[in-house]
Amino acid sequence: MADAEGLPEVKLLRADDREACAGTRFGGRPQFIQVDNTPDCCGRPMALLAQLDGLDYPEAELPDSALVYVFVCRQCFDVSAELQCM
Ligand SMILES: [Zn+2]
């Protein structure tokens, strides 16, 4: 579902069918585990490009409680990333 600032949400499954990816997705709205820290660019909030959940992808060796958020400006295509932990 897209909105004025966001991208359609796409959920992912692991290719090895080991388990579903609960928090990892492309697009949609970020599920912040700390404060809402959506960056602004070109005078408006950046769109969530991807949210990566450390629990979904242990091979990346992120902290289990970590989420990585990747944002893109849909006007100038600058990108920004943030890692939050519980
Ligand atoms: Zn921009």
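This briefing walks through a five-stranded sheet and the hairpin at one of its edges. The model is predicted: local features need pLDDT of at least 70, side-chain atom pairs count only at pLDDT 80 or more, and totals for chains, interfaces and linings use all residues. Residues are numbered from 1 along each chain as its sequence is written.

**Confidence**
- The chain has an average pLDDT (the predictor's confidence in each residue, from 0 to 100) of 89, and 94% of the residues score at least 70.
- Confidence in the chain is highest in strand β3 (residues 40-41), at a mean of 98, and lowest in β1, at 86.

**The sheet**
- Strands here are DSSP runs of E with at least two residues, numbered from the N terminus, and two of them pair if DSSP finds at least two bridges between them.
- The open sheet has five strands in the order β1-β2-β5-β6-β7, with antiparallel pairing.
- β1 (10-13) and β7 each have a single partner strand, so one side of each edge strand is left without a neighbour in the sheet.
- From one strand to the next, the twist averages 25 degrees, taken between N-to-C directions of lines fitted to C-alpha atoms, on a scale from 0 to 180 degrees.

**The β6-β7 hairpin**
- Strand β6 (residues 66-72) runs antiparallel to β7, and seven bridges join the two.
- Across this pairing, leucine 67 faces glutamine 84, while valine 70 sits opposite alanine 81.
- Six residues lie between the two strands, and in that turn phenylalanine 77 has a positive phi of about 70 degrees.
- In β7 (residues 79-85), zero of the seven residues are buried, that is, have 20 or more other C-beta atoms within 10 Å of their own, with C-beta atoms placed from the backbone.

Key. Buried ≥ 20, exposed ≤ 12 C-beta atoms within 10 Å, placed from the backbone. Helix = DSSP H or I, 4+ residues; strand = E, 2+ residues; numbered from the N terminus.
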